[in-house]
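Here's a walk through one protein model, strand by strand. Keep the viewer open and follow along.

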Amino acid sequence: MLLRKAAQALRPGGRLVVELLNQNRVDKADSSWWFTDDTGLWGERPFLHLGERFWDAAAQTSIERFYTLDLATAELSEVVLCDQTYATGEMIRIMRDAGFATVAAYEAWDGLGLYDAGEWIVYVGEV
């Protein structure tokens, strides 16, 4: 397990910071959307963007699939994102089981002014 190896690699007093999506804030509704634009995150030229999102409750995972069609070249690209989520107490237990003596959880980046700060929880584990 990656967390166990990280804990073993740290010196006493060493810390590991892990940022994960806040399970309570993840959009769990299945959805799909589309839009066109001339330029932006999904392309340098006019494009058609198709997206879909699914929530796998058993795996506690959000799956997003993005298709982008370049309208000038007809090139199709696909991006898939999978976000495994954990309840805060579960993640703290996982990190402790991996060898971290203490684990602190900070919601919303502890007040840092990011537009999406509420979507994240930061865990700080110390060996």
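First, a word on confidence: pLDDT is the predictor's confidence in each residue, on a scale from 0 to 100. You need it here, as what you're looking at is a predicted model. Within the protein, α2 comes out highest at 97, while β6 comes out lowest, at a mean of 93. Averaged over the protein, pLDDT is 92, and 97% of the residues score at least 70.

Now for the sheets. Let's start with the one made of 4 strands: it is open, and its order reads β2-β3-β4-β5, with antiparallel pairing. The strands at its edges are β2 and β5; each has a single partner strand, so one side of each is left without a neighbour in the sheet. On average, and ignoring direction, neighbouring strands in this sheet are turned by 15° against each other.

You can trace this sheet pair by pair. Strand β2 (residues 31–37) and strand β3 (residues 47–56) run antiparallel, joined by 7 bridges. To find the register, look for T36, which sits opposite L48 in β3. Moving on, β3 and β4 are also antiparallel, with 10 bridges joining them. Here L50 has Y67 in β4 as its bridge partner. These two strands make a hairpin with 4 residues between them, and in the turn Q60 has a positive phi of about 50°.

The last step goes from β4 to β5, which run antiparallel with 9 bridges between them. Two pairs help you line them up: S62 stands opposite D83 in β5, and I63 has C82 as its bridge partner in β5. If you're wondering which way the side chains go as you step along, in a regular strand they alternate between the two faces of the sheet. The β4 and β5 hairpin has 5 residues between the strands, and A74 takes a positive phi near 65° there.

Next up is the sheet of 3 strands. This one is open too, with the order β1-β7-β6 and antiparallel pairing. At the edges you'll find β1 (15–21) and β6 (102–107), each with a single partner strand, so one side of each is left without a neighbour in the sheet. From one strand to the next, the twist averages 20°. Between β6 and strand β7 (residues 120–126) there are 6 bridges, in the antiparallel sense. One of the pairings to check is T102, whose bridge partner in β7 is E126. Helix α2 (residues 88–97) packs on this sheet and touches β1, β6 and β7, with its direction at about 25° to that of β7.

That leaves the empty space. Rolling a probe the size of a water molecule over the atoms shows where such space is left. How much space lies in the largest pocket? About 220 Å³. Its lining is made up of L21, R25, V26, D27, R53, S62, E64, L81, D83, E119 and W120. Sorted by class, that lining has 6 charged, 4 nonpolar and 1 polar residues.

Which strands each supply at least two residues of that lining? They are β4 (61–70) and β5 (76–84). You've already met two of the lining residues, S62 and D83, as the pair standing opposite each other across β4 and β5. So that you can put it all in one view, select the lining residues, including R53 and W120, and then show the sheet that runs β2-β3-β4-β5 next to the one that runs β1-β7-β6.

Methods: Residues numbered from 1 in each chain as written. Predicted model: local features only at pLDDT ≥ 70, side-chain atom pairs only at ≥ 80, totals over all residues. Heavy atoms only, no water. Pairing = 2+ DSSP bridges. Axes fitted to C-alpha atoms, helices over the stretch in contact; angles between N-to-C directions. Contact = heavy atoms within 4.5 Å. 1 Å grid on protein atoms, 1.4 Å probe; cavity = no way out; pocket = protein on both sides within 12 Å on 5 of 7 lines; lining within 4 Å. Points joined across faces, edges and corners; volume = space filled by probe spheres on them. Nonpolar A, V, L, I, M, F, W, Y, C, P; charged D, E, K, R; others polar.
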